[in-house]
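Here is a short report for a reader meeting this structure for the first time. Please look at the sequence and the model before reading on.

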Amino acid sequence: MRQIQMFLNEYEEVPFEALTYLTGECNYGGRVTDDKDRRLLLSLLSIVYCKDIEVEEKYKLSPEEEYYIPPYGTYQSYIEYLRSLPITTHPGVFGLHENADITKDNQETNLLFNGVLLTLPRQAGGGGKSPQETVEELAQDILSKLPNDFDLENVMRKYPVLYQESMNTVLRQELIRFNRLTEVVRSSLISLGKAIKGQVLMSSELEDVFNSMLVGKVPPMWAAKSYPSLKPLGSYVSDLLTRLAFFQDWISHGPPNVFWISGFYFTQSFLTGVSQNYARKYTIPIDHIGFEFEMRQEHSMETMPEDGAYVKGLFLEGARWDRETMQIGESFPKILYDSLPIIWLKPGESANFLHAGIYTCPVYKTSARRGVLSTTGHSTNYVLSIEIPSGLPQKHWINRGVAALCQLDD
């Protein structure tokens, strides 16, 4: 507050640019480590730190009629204005869509249910199945659906390491990661079955697997070797089987025309593979290469593109894809997510790209939108930012909190 007072007193004109930098990059922004969070912070500050606030009478802070800068008056007039504000704050005040209320309520409900699940008794009452029988049946069901590990030697013969085709290396690395995961899932379920029958000792790790399966959660032992996922156990297993089927189809019939970007364990390796193919084909340094993004109207593609790759499987949160105007639009009421169309990742020299009429939309693997910076320099959750055509300024969608997700939570 002292800094703001100093700037207001010592300058003839209010230095909004200096104030924005001081607040958004230093005082508060200095504590914000995520650049997407800082982008949001600066966008919200631009509502208050602008020229209009000086000249407009009752400058509006949001589309809601009640929220404005009250005219100059007495202390009591400000108190009365504050008391006149609604008790329940509308999401529009923060720049959010009204669907944000539903998301908030869903999160509170999930938190409540997770707390209730922790208090559930582990004994069966009446004539129902015992927890041991329930978990044993579930384990057998998952084991029966789980395919064999991928034959890496066969894959290496069919898709050898080639200078011109980086996707072969991407495929092999993905299969190694999924083999590691399915090995942990398979061995833990077999050991758990034996432990329930009393053939082996029930270790603390197996007990965690048992307790997690009983309440429909992904066991910590699996999550440690898994790709990021917030899905419950049933949806997680279905998702895992779908991913394994995607790669098996790739092995059997060659690379798909449209890649399911959500199916990759380490999505960044796929993106690097696409860039690397382009860089080697046209002998351009890979660090000069970026992506342009073309939204396609087709539901399926007959052939692969000459350069780059077609991808599908992304969901938009906080907005929707308008299939008529072919640009980002406001969400429909009570519809939280919308699927994005097939996107053509077009590699090119990033210095030549025109960034006009677009919204730079971050892509995350899960709806948590936060991750840990790994040793490779990549986030465990953030993938990349895609440019979506937009008829509104970026600030509108930044305040909306619009992001693309590789998978939903159910």
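## The start of helix α3

D34 caps the N-terminal end of α3. One of its side-chain oxygens lies 2.7 Å from the backbone nitrogen of K36. The model is a predicted one.

Helix α3 covers residues 35-48, which is 14 residues. At 1.5 Å a residue, α3 should span 20 Å. Its end C-alpha atoms are 21 Å apart, so the model agrees with that expectation.

## What covers α3

Which residues of α3 are buried? They are K36, S43, L45 and I47. K36 thus appears twice here: its backbone nitrogen faces the capping oxygen of D34, and K36 is buried.

The cover over the buried residues of α3 includes two helices, α2 (16-27) and α14 (394-400). Strands β9 and β10 are also among the covering elements.

## Strands β9 and β10

Strand β9 takes in residues 358-364. It runs antiparallel to β10, and 7 bridges join the two. One of the bridge partnerships links Y364 with Y382 of β10.

Strand β10 spans residues 382-389 and is mostly covered. Of its 8 residues, 6 are buried.

## Aromatic pairs around F264

A pair of aromatic rings is described by two values, the distance of the centres and the angle of the planes. The model holds 22 aromatic pairs. F247 and F264 form one of them, edge-to-face, with 5.7 Å centre to centre and 85° between the planes. Why does this pair tie together separate parts of the chain? F247 lies in helix α12 (residues 233-253), while F264 lies in the loop between β1 (258-260) and α13 (267-282), so the pair joins parts that are 17 residues apart in sequence.

F264 also pairs with F259. This second pair is tilted, at 6.5 Å centre to centre and 40° between the planes. Are these rings buried or exposed? F247 and F264 are both buried. F264 has a relative accessibility of 2%; because buried means under 20%, it counts as buried. F259 is buried as well, with a relative accessible area of 3%.

## The wider cluster and two charges

Ring pairs link these three residues into a cluster with others. Its members are F178, Y227, Y236, F246, F247, W250, F259, W260, F264, Y265 and F270.

One cluster member, Y227, also has a charge over its ring. The charged end of R243 sits there, 3.7 Å from the ring centre. Elsewhere, the charged end of R280 sits over the ring of Y163, 4.5 Å from its centre.

Conventions: Residues are numbered from 1 along each chain as its sequence is written. This is a predicted model: local features need pLDDT of at least 70, side-chain atom pairs count only at pLDDT 80 or more; totals for chains, interfaces and linings use all residues. Side-chain values use heavy atoms; hydrogens and water are left out. Rings of Phe, Tyr and Trp (its six-membered ring) pair if their centres lie within 6.5 Å; planes under 30 degrees apart count as stacked, over 60 as edge-to-face and the rest as tilted. Helices (H or I, at least four residues) and strands (E, at least two) are DSSP runs, numbered from the N terminus. Buried means under 20% relative accessible area, exposed over 50%, partly exposed in between (1.4 Å probe, protein chains only). A charge sits over a ring if NZ of Lys or CZ of Arg is within 6 Å of the ring centre and within 35 degrees of the ring normal. Two strands pair if DSSP finds at least two bridges between them. The expected span of a helix is 1.5 Å times one less than its number of residues. Contact means heavy atoms within 4.5 Å. A polar contact is a pair of N or O atoms within 3.5 Å; within protein, one must be able to donate a hydrogen and the other to accept it, and residues adjacent in sequence count only if both atoms are side-chain atoms.
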